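Reader: I should like a close look at how the interior of this model is assembled, with attention to the packing of its helices and to its charged pairs. Please treat the matter in one connected account.

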Amino acid sequence: MTTESNPHAPIAPLDALDRRIVAALQIDGRASWRRIASALGEPERKVARRGLRLLESGAVVVRGLVVRGETVILRMNCRPGAVRDTAVAAARRDDAIFSYVLAGAADCVAELQCRPGELGRLMLDEVPALPGLVEQQVSPVLRYFRTVHEWSPGILGDAEVEALGGTAARPVDGVEVPDVEIGPDEAAILRALAEDGRRTHDELAAVAGVSVATARRRVEALTRQGLVSIRAAVEPALLGLPVEALLWIRTRPDEVEAVGRLLVESPLVRYAAVVMGEHQLLVDVTQPSKGDLHAFLTEAPWVRRAEAVQSHLVVEAWKRSGVPTRGVSSFSVAET
């Protein structure tokens with residue numbers, strides 16, 4: 001393995017203002033520094049300087065997550081010594097939303113977008129070709145209570161969230177692919193936003209060959225239609241949440257809704273989805289410490305309604321919210 005630097009070395013948390021700026025970008029990745037400064041009650045120049053530093057460092061990345069298909073969860077077990085190879089190969093897929101190495105019964109897990117009618121090809125042809133893969137389990141997602149790309153860890157108050165155009169309680173997301181036809185200019189804008197979610201309307205207009213006013217309308221329409229979500233991706237450890245776990249939760253079928261709603265009452269739950277398989281819920285939770293994680297697993301209100309829980313510590317993340325970590329591009333995957 002060769003990397004520019006170790007992308008999974010211990011991360012020093014950001015200071016309070018940097019965390020607040022990141023939280024603002026998690027609500028609206030395209031918000032201007034002026035708007036963020038106004039919402040946070042901070043000087044604009046200070047916010048702009050801090051924000052640009054975060055973006056230039058690569059610690060925070062703002063990109064558009066483009067909806068390409070319905071989502072499935074891929075659990076993988078691998079040959080000894082090949083777990084990273086498999087996780088990185090999954091992360092390099094354009095349709096991957098996240099890819100994690102786990103400590104637990106599964107070696108790694110990824111969320112992939114699958115175009116309608118392509119599940120068979122994904123399961124039978126593409127996934128088995130991943131290097132080092134020994135065993136796979138594919139579980140379609142039936143609905144979301146929260147997605148990783150809309151996670152906000154409760155750093156900002158309700159008034160600050162509202163000033164940024166968000167809401168304290170985000171709506172539940174469906175899993176259907178929006179039935180919207182897009183033209184060449186819209187496709188060009190989506191590609192540009194997937195590369196850099198903070199591209200200006202002038203830049204998007206030049207890429208798409210349209211006027212600035214048209215580019216602005218296109219971005220607003222694509223976002224409103226659910227074809228793209230533009231927000232910041234960041235390592236939870238930078239926000240003071242270095243412990244992350246994936247939970248597979250089994251409960252009675254008539255308790256799934258109640259358990260899901262109880263889970264997302266915590267802002268530290270990054271992701272909660274209803275999936276097919278032995279366990280009905282998949283949850284990604286972050287915590288300040290393993291002690292806090294233990295409390296979440298044993299004392300939180302949702303626990304009383306769960307029948308069984310499998311917990312896996314996230315050891316390495318190679319992709320988050322559709323954004324590869326900095327080590328992915330330089331990681332050398334072993335030949336198989």
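Author: The account below begins with the nonpolar interior, proceeds to the helix contacts, and ends with the salt bridges and one loop residue.

The model is a predicted one. Its largest nonpolar core comprises 45 residues. Within this core, the residues with the most contacts are Ile21, Leu25, Ile36, Val60 and Leu156. Several elements supply at least two residues each: the helices α1 (16-27), α2 (33-40), α3 (44-57), α7 (184-195), α8 (201-208) and α9 (212-224), together with the strands β1 (60-66) and β6 (228-234). Helix α1 gives the most, with seven residues. Such an arrangement may be set beside a general tendency: in soluble globular proteins, nonpolar side chains tend to be buried together.

Ile21 may serve as a point of entry to this core. Leaving out residues up to four places away in sequence, Ile21 touches Trp33, Leu40, Val47, Arg50, Gly51 and Leu54. Apart from the largest core lies another, of 22 residues, which includes Met76, Cys108, Leu130 and Trp318.

Two of the helix contacts deserve a closer description, and α9 takes part in both. In the contact with α7, the helices pack at an angle of about 75 degrees, and their axes are 10 Å apart. Because an angle of 65 to 115 degrees counts as roughly perpendicular, α7 is roughly perpendicular to α9. On the α7 side the contact is made by Asp185, Glu186, Ile189, Leu190 and Leu193, and on the α9 side by Ala215, Arg218, Val219 and Leu222. Classified by type, this contact of α7 with α9 contains six nonpolar residues, three charged residues and no polar ones.

The contact between α8 and α9 has an angle of about 100 degrees, with the axes 8 Å apart. These two helices are therefore roughly perpendicular to each other as well. Here α8 contributes His201, Asp202, Leu204 and Ala205, while α9 contributes Val212, Ala215, Arg216 and Val219. The residues of the contact of α8 with α9 divide into five nonpolar, two charged and one polar. Ala215 and Val219 of α9 take part in the contact with α7 and also in the contact with α8.

The charged pairs form the next part of the picture. Side chains of opposite charge can pair when their charged atoms come close. The structure holds 22 salt bridges. Arg93 takes part in two of these, one with Asp95 at 2.7 Å, N to O, and one with Glu126 at 2.6 Å, N to O. The second pair links distant parts of the chain, since Glu126 lies in helix α5 (residues 119-126) and Arg93 in the loop between α4 (83-91) and β3 (96-103), 33 residues apart. Residues count as buried under 20% relative accessible area, so Arg93, at 17%, is buried, and Asp95, at 14%, is buried too. Glu126, at 22% relative accessibility, counts as partly exposed. These three residues belong to a network of salt bridges that links Arg93, Asp95, Glu118, Arg121 and Glu126.

Another salt bridge joins Glu244 and Arg270, whose closest N and O atoms are 3.2 Å apart. This pair also links distant parts of the chain: Glu244 is in strand β7 (residues 243-250) and Arg270 in strand β8 (residues 269-275), 26 residues apart. Both partners are buried, Glu244 with a relative accessible area of 5% and Arg270 at 2%.

A last point concerns the backbone at Ser321. This residue is placed in the loop between β10 (308-320) and β11 (323-324). Its phi is near 50 degrees, a positive value in a residue other than glycine. Ser321 is buried, with a relative accessible area of 5%. Leaving aside neighbours within four places in sequence, Ser321 is in contact with Leu65, Ile97, Val148, His149 and Ala233.

Conventions: Residues numbered from 1 in each chain as written. Predicted model: local features only at pLDDT ≥ 70, side-chain atom pairs only at ≥ 80, totals over all residues. Heavy atoms only, no water. Core = buried A, V, L, I, M, F, W, Y, C linked by side-chain atoms within 4.5 Å. Buried < 20%, exposed > 50% of the residue type's maximum accessible area, 1.4 Å probe, protein only. Helix = DSSP H or I, 4+ residues; strand = E, 2+ residues; numbered from the N terminus. Contact = heavy atoms within 4.5 Å. Axes fitted to C-alpha atoms, helices over the stretch in contact; angles between N-to-C directions. Parallel < 35°, antiparallel > 145°, perpendicular 65-115°, else oblique. Nonpolar A, V, L, I, M, F, W, Y, C, P; charged D, E, K, R; others polar. Salt bridge = Lys/Arg side-chain N within 4 Å of Asp/Glu carboxyl O.
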